[in-house]
Amino acid sequence: MIDLETRLAELDAQGLRRRRRVLESAQGTRVTVGGKAYLSFASNDYLGLAAHPAIAAAACAAATQFGVGSAASHLLTGHHALHQQLETELAAFVGRPAALLFATGYMANLGVVTALVGRNDAVFADRLNHASLVDAARLSRAEHVRYRHLDLTHLEALLHASRAKTKLIACDTVFSMDGDLAPVPELLALAERYDAWLYLDDAHGFGLLGEAGRGVLHSHPSLLAPHPALIYLATLGKAAGVSGAFVAGSETLVEWLVNKARTYIYTTATPPMLAAAVSASLKLIAGEPQRRQQLQRLMAQLKAGVARLPWPLLPSDSPIQPLLVGDNHEALRLAEGLLQRGILLPAIRPPTVPEGTARLRISLSAAHTEADLAQLLAALLELA
Ligand SMILES: *Cc1c(COP(=O)(O)O)cnc(C)c1O
């Protein structure tokens, strides 16, 4: 038997032991942890919707009418009219023929990739893809071919050399630890040239990118045409402020996934109240462009403000704004100093990011004010 105590002690010794914080308030820019109030730059609640009263009210109303538990998988009796209606709304929202809800983005990635590729096939993946896409490729038993971050020349050489029967290119649209964007039209052109699927994980783009926050496909006109080989995934627990994920594509794709995606078939349907909550969220995402405008203002303020600091921001036009510190201990010292000043902003260290690139991952929210950001910049200047 492996000795877990010893292995945990090893993690401790390497400074890699992870511990959870207990949140005692609603999620937001002001949170309570351990009885103390903090200004937080540490969630994915980019639009400030996680605790929005209209979304909570929609969830409560649906729970009152239909209860909480779905009590069955989608293929038995768990597929509720609220799920069905939300799938129709989501497909229309992102401009694809059909959509399918999953319980989480992690499960969607596992389910989609394993339903489309297997032995004798290949998954081509950006090196900085999210862990769920890495796990999906491994679980599929397809060859897992990783290309250098955003390097399309490298990707093309690998596609060219591949003998795989079915090829699938999988890519984050906005990279979660760097905030940079994938060149989606160029990826699509490569996929079409090499007869590959293109699977786009827009977890950090949905709600933010494109007209009315409809996601990355709406940020490039060429992507709006029908592309049968393009598969779109977005998660609903980040900017949308709820929980879950959906895949959008052709009717045939969705029909195939209903039949073959094991993480769709062998799990209990999410509570219908969550579908009602997402419907309410979609109205706020599209109807309140001022949230995205506020994020643009905050990004400009941050970029101007860090000019006085010794650390650069990584190039990013998303609400993920990593401040590159480099040294692990220095990053920890800064995170600790911020905590003492009432600011929650975690240090991200290897192995989550490459050696020598420890960083503070500043996560902006439309709910932050200019004064909040000024407070963060002042604290960083004091610590510099
Ligand atoms: C968060 C995230 C996921 C996982 O989504 P969940 O709904 O949280 O499981 C998948 N892909 C990317 C790129 C993510 O950032």
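**Exercise 1. Classify the residues that line the largest cavity by class, then locate the cavity.**

Step 1. By class, the lining has ten nonpolar, four polar and no charged residues. The classes are fixed lists: Ala, Val, Leu, Ile, Met, Phe, Trp, Tyr, Cys and Pro are nonpolar, Asp, Glu, Lys and Arg are charged, and the others, Gly among them, are polar.

Step 2. Note the basis. This is a predicted model, where local features need pLDDT of at least 70, side-chain atom pairs count only at pLDDT 80 or more, and totals for chains, interfaces and linings use all residues. Residues are numbered from 1 along each chain as its sequence is written, and side-chain values use heavy atoms, with hydrogens and water left out.

Step 3. Fix the terms. On a 1 Å grid over the protein atoms alone, a cavity is a set of points where a 1.4 Å probe fits but cannot get out. A pocket is an open set with protein on both sides within 12 Å along at least five of seven lines. Lining residues have an atom within 4 Å of a point. Points are joined across faces, edges and corners, and a volume is the space filled by probe spheres set on them.

Step 4. Size and place it. The largest cavity has a volume of about 90 Å³. Its lining counts 14 residues, with Leu101, Ser243, Gly244, Thr270 and Leu274 nearest the centre. Two or more residues come from each of α4 (81-94), β3 and α11 (272-287). α11 gives the largest share, three residues. Helices (H or I, at least four residues) and strands (E, at least two) are DSSP runs, numbered from the N terminus.

**Exercise 2. How many cavities of 30 Å³ or more does the structure hold? Describe the second largest.**

Step 1. The structure holds three.

Step 2. The second largest cavity contains about 60 Å³ of space. Residues that line it include His74, Leu101, Phe102, Tyr264 and Thr270.

Step 3. β3 and α10 (262-265) each supply at least two lining residues. The class split is five nonpolar, five polar and no charged.

**Exercise 3. Characterise the largest pocket.**

Step 1. Its volume is about 1,600 Å³.

Step 2. The lining comprises 44 residues; nearest the centre lie Arg18, Met177, Pro346, Ala347 and Ile348. They divide into 23 nonpolar, ten polar and eleven charged.

Step 3. Helix α13 gives the most, with four residues. Among the elements that supply at least two are β1 (30-33), α6 (131-140) and β12 (347-348).

Step 4. Domain 1 (24-47 + 289-383) and domain 2 (53-287) each contribute at least three residues. The domain bounds come from an automatic or database domain assignment.

**Exercise 4. In what order do the seven strands of the open sheet run?**

Step 1. The order is β3-β9-β8-β7-β6-β4-β5, with mixed pairing. Two strands pair if DSSP finds at least two bridges between them.

Step 2. β3 (98-102) and β5 (143-147) are the edge strands, each paired on one side only.

Step 3. The twist averages 20° from one strand to the next.

Step 4. Check one pair. β6 (residues 167-172) and β7 (residues 196-201) run parallel, joined by six bridges. Cys171 stands opposite Leu200 in β7.

**Exercise 5. Why is strand β10 largely enclosed?**

Step 1. Six of the seven residues of β10 (residues 320-326) are buried, so the rest of the structure largely encloses the strand. Buried means under 20% relative accessible area (1.4 Å probe, protein chains only).

Step 2. Find its partner. Six bridges link β10 to β13 (residues 358-363), and the two run antiparallel. Gln321 stands opposite Ile362 in β13.

Methods: Buried < 20%, exposed > 50% of the residue type's maximum accessible area, 1.4 Å probe, protein only. Axes fitted to C-alpha atoms, helices over the stretch in contact; angles between N-to-C directions.
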